[in-house]
Amino acid sequence: MPKPKKLFIETLGCAMNVRDSEHMIAELNRKESYALTEDLSQADLILINTCSVREKPVAKLFSEIGVFNKKKKPTAKIGVCGCTASHLGKEIIKRAPSVDFVLGARNVSKIAEIVHIKHAVEVDTDYDESSYAFGVYRSNPFKAMVNISIGCDKGCTFCIVPATRGEEISIPSDLIVQEITKAVATGAKEVMLLGQNVNNYGRRFGTHEEQIDFTGLLQKVSKIEGLARIRFTSPHPLHMDDAFLEEFASNPKICKQIHVPLQSGSTKLLKAMKRGYTKENFLNRCAKIRALCPEATISTDIIVGFPGESDADFEETMEVLEQVRFDQLFSFKYSPRPMTEAALYETQVDAEIASVRLSCLQTRHTEILDEIMGGQLDKVHEVYFDELKPYGKIAGRSDDGKLVFVDGSEELLGKIVPVRVVKTSRGALDGTLI
Ligand code: SAH
Ligand code: F3S
């Protein structure tokens with residue numbers, strides 16, 4: 001057997017990109033043998049799986065290609081993949097001829113086909129790979145990420161994703177079940193269902209028709225024997241109907257952790273963002289979650305400095321933060337993106353004002369988080385251990401998504417065990433087995 005080639009892969013951005021990278025590794029290995037390396041200078045193939053949601057990583061890409069090109073073996077190939085590949089296409093090769101091929105976020109299944117074609121560009125955002133059965137590769141055998149849809153139809157005015165990942169298509173439910181069943185057979189007790197808008201599942205299929213929505217999918221997936229935990233990201237507040245929230249609260253396999261991306265607390269801005277809900281709708285959905293499932297943790301995404309955001313609009317965002325007291329906050333300064341409506345709005349907010357607002361938001365969230373995590377002392381969580389850590393530690397997640405460390409070794413991997421919290425910090429809990 002020939003020696004495996006060495007593959008260096010850098011993954012930026014969201015969980016979908018992480019999964020796309022796993023798919024690329026699996027597809028490459030169907031034709032040739034590749035072993036992963038973290039040493040760029042040893043690599044025969046270098047993949048950069050890019051993100052274009054904000055401007056910064058895009059700007060970094062070209063300087064990174066320059067650095068990689070200097071460090072790599074002369075024969076090594078460079079492939080630019082992911083959302084920036086979809087967005088810039090052949091311009092990437094024009095600006096950086098050392099790049100060997102460009103593969104869009106919607107064309108992942110074609111990697112083995114184009115890897116040896118000099119200056120190939122595959123970035124068709126209409127390409128439908130929703131029914132494609134990818135090869136199997138998972139970076140952690142105890143965790144499974146499984147796509148349930150590709151693309152996004154929402155067209156939020158700040159977001160480049162619909163332009164890079166194309167229109168939304170649901171993956172056949174039998175294929176999803178098949179993938180999860182395989183993962184369970186090789187050690188995973190937990191699955192993370194992935195999509196840009198998971199609770200819109202079932203609105204459109206590619207090659208066949210099916211009568212199923214996200215609630216139905218959750219019910220179907222929870223029947224998989226040996227699967228103990230189901231997580232999903234990201235749902236959209238607009239599609240959080242009562243049936244879905246009731247399923248979330250009552251299904252014991254669904255982890256009690258939910259992402260409810262707010263973006264802004266101002267109804268005026270939500271309208272300009274085309275999010276489809278008001279501040280009141282949002283608060284109502286969070287109140288419903290709390291009422292049905294008081295133990296659930298709620299995380300969110302917030303953008304500050306969206307065009308037209310006044311001090312009063314920002315105050316409304318702060319008000320939602322106070323009311324909901326999110327367990328996790330991903331907050332961003334608005335970044336104008338090409339191919340989006342909001343980039344053309346004339347009311348762009350001064351960068352310094354946006355920075356002040358971001359730090360105000362983050363400071364208050366940190367205080368709230370310290371109170372929430374401080375209250376965890378002595379609590380008992382069922383922890384699914386899935387990662388060995390240095391210094392004799394092992395890490396896992398509580399049902400509600402908190403990172404928990406205990407002293408322990410590989411025999412805990414893949415097990416769900418009760419843990420008492422003995423020490424708390426902002427980002428994680430330390431515990432002992434009971
Ligand atoms: N479908 C996902 C969103 C993917 S983008 C969801 O609904 O959660 C992830 C997050 O990046 C968004 O929720 C938003 O908060 C942020 N984001 C997207 N476009 C942005 C932009 N132009 N500037 C700043 N943040 C942005
Ligand atoms: Fe982007 Fe809105 Fe879809 S944030 S990914 S257009 S739900």
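Thr215 is found in helix 8, which covers residues 214-221, in what is a predicted model throughout. With a relative accessibility of 11%, Thr215 counts as buried, because the cut-off for that class is under 20%. Setting aside residues up to four places away in sequence, Thr215 touches Ala243, Phe244 and Glu247. A further distance can be given for Glu246, which stands 31 residues from Thr215 along the chain while the two C-alpha atoms are separated by 9.2 Å.

From this helix one can step back to the division of the chain, which consists of domain 1 (5-122), domain 2 (143-374) and domain 3 (380-433). Between the C-alpha centres of domain 1 and domain 2 there is a distance of 28 Å, and the contact between these two domains takes 19 residues from domain 1 and 22 residues from domain 2.

Asn107 offers a local view of another part of the chain, in the loop that runs between strand 5 (101-104) and helix 5 (111-114). Asn107 has a relative accessible area of 0% and is therefore classed as buried. Its side chain reaches the backbone oxygen of Asp124 at 3.2 Å. Asp124 also appears among the residues that Asn107 touches once those up to four places away in sequence are left out, the others being Glu122, Val123, Tyr127 and Glu129.

The next stop is the surroundings of ligand 1. Fourteen residues would be a long list to go through, so which of the 14 residues around ligand 1 come nearest? They are Phe158, Gln196, Gln263, Asp301 and Ser335. For Phe158, a backbone N or O atom lies 2.9 Å from a nitrogen atom of ligand 1, and for Ser335 a backbone N or O atom is likewise placed by a nitrogen atom of the ligand, at 2.8 Å. With Gln263 the side chain takes part, since one of its polar atoms lies 2.7 Å from an oxygen atom of ligand 1. Taken alone, ligand 1 exposes 540 Å², and the protein buries 90% of that area. Strand 13 (297-304) and strand 14 (328-333) are the elements that give two or more residues to the shell around ligand 1. Sorted by class, this shell holds six nonpolar, four polar and four charged residues.Gln263 deserves a closer look. It is found in the loop between strand 12 (257-259) and helix 10 (267-272), and Gln263 counts as buried because its relative accessibility is 7%. Apart from neighbours within four places in sequence, Gln263 is in contact with Phe158, Met273, Arg275, Tyr277, Asp301, Ile302 and Ile303. Phe330 is 67 residues from Gln263 in sequence, and their C-alpha atoms are 9.7 Å apart in space. The backbone of Gln263 has a positive phi of about 70 degrees, although the residue is not a glycine.

A second ligand has its own surroundings. The residues around ligand 2 include Cys152, Cys156, Cys159, Lys154, His236 and Arg275, and Phe158 and Gln196 also belong to that list. The shell around ligand 2 divides into six nonpolar, three polar and two charged residues.

Some points of backbone geometry complete the walk. Most residues other than glycine have a negative phi, and most peptide bonds are trans. Against that background, the peptide bond from Thr233 to Ser234 is cis, with omega near -5 degrees, and Ser234 lies in the loop between strand 11 (229-233) and helix 9 (242-250). Asp378 is a residue other than glycine with a positive phi, near 75 degrees. This residue lies in the loop between helix 13 (351-374) and strand 15 (380-389). Is Asp378 buried or exposed? Asp378 is exposed, because its relative accessible area is 52%, where the class begins over 50%.

Terms used. Residues are numbered from 1 along each chain as its sequence is written. Chains are lettered from A and ligands numbered from 1 in the order in which they are written. This is a predicted model: local features need pLDDT of at least 70, side-chain atom pairs count only at pLDDT 80 or more; totals for chains, interfaces and linings use all residues. Side-chain values use heavy atoms; hydrogens and water are left out. A residue is near a molecule or strand if one of its heavy atoms lies within 4 Å of it. A polar contact is a pair of N or O atoms within 3.5 Å; within protein, one must be able to donate a hydrogen and the other to accept it, and residues adjacent in sequence count only if both atoms are side-chain atoms. Accessible areas come from the Shrake-Rupley method with a 1.4 Å probe; for residues, only the protein chains shown count as cover. Helices (H or I, at least four residues) and strands (E, at least two) are DSSP runs, numbered from the N terminus. Ala, Val, Leu, Ile, Met, Phe, Trp, Tyr, Cys and Pro count as nonpolar, Asp, Glu, Lys and Arg as charged, and the others, Gly among them, as polar. Buried means under 20% relative accessible area, exposed over 50%, partly exposed in between (1.4 Å probe, protein chains only). Contact means heavy atoms within 4.5 Å. Domain bounds come from an automatic or database domain assignment.
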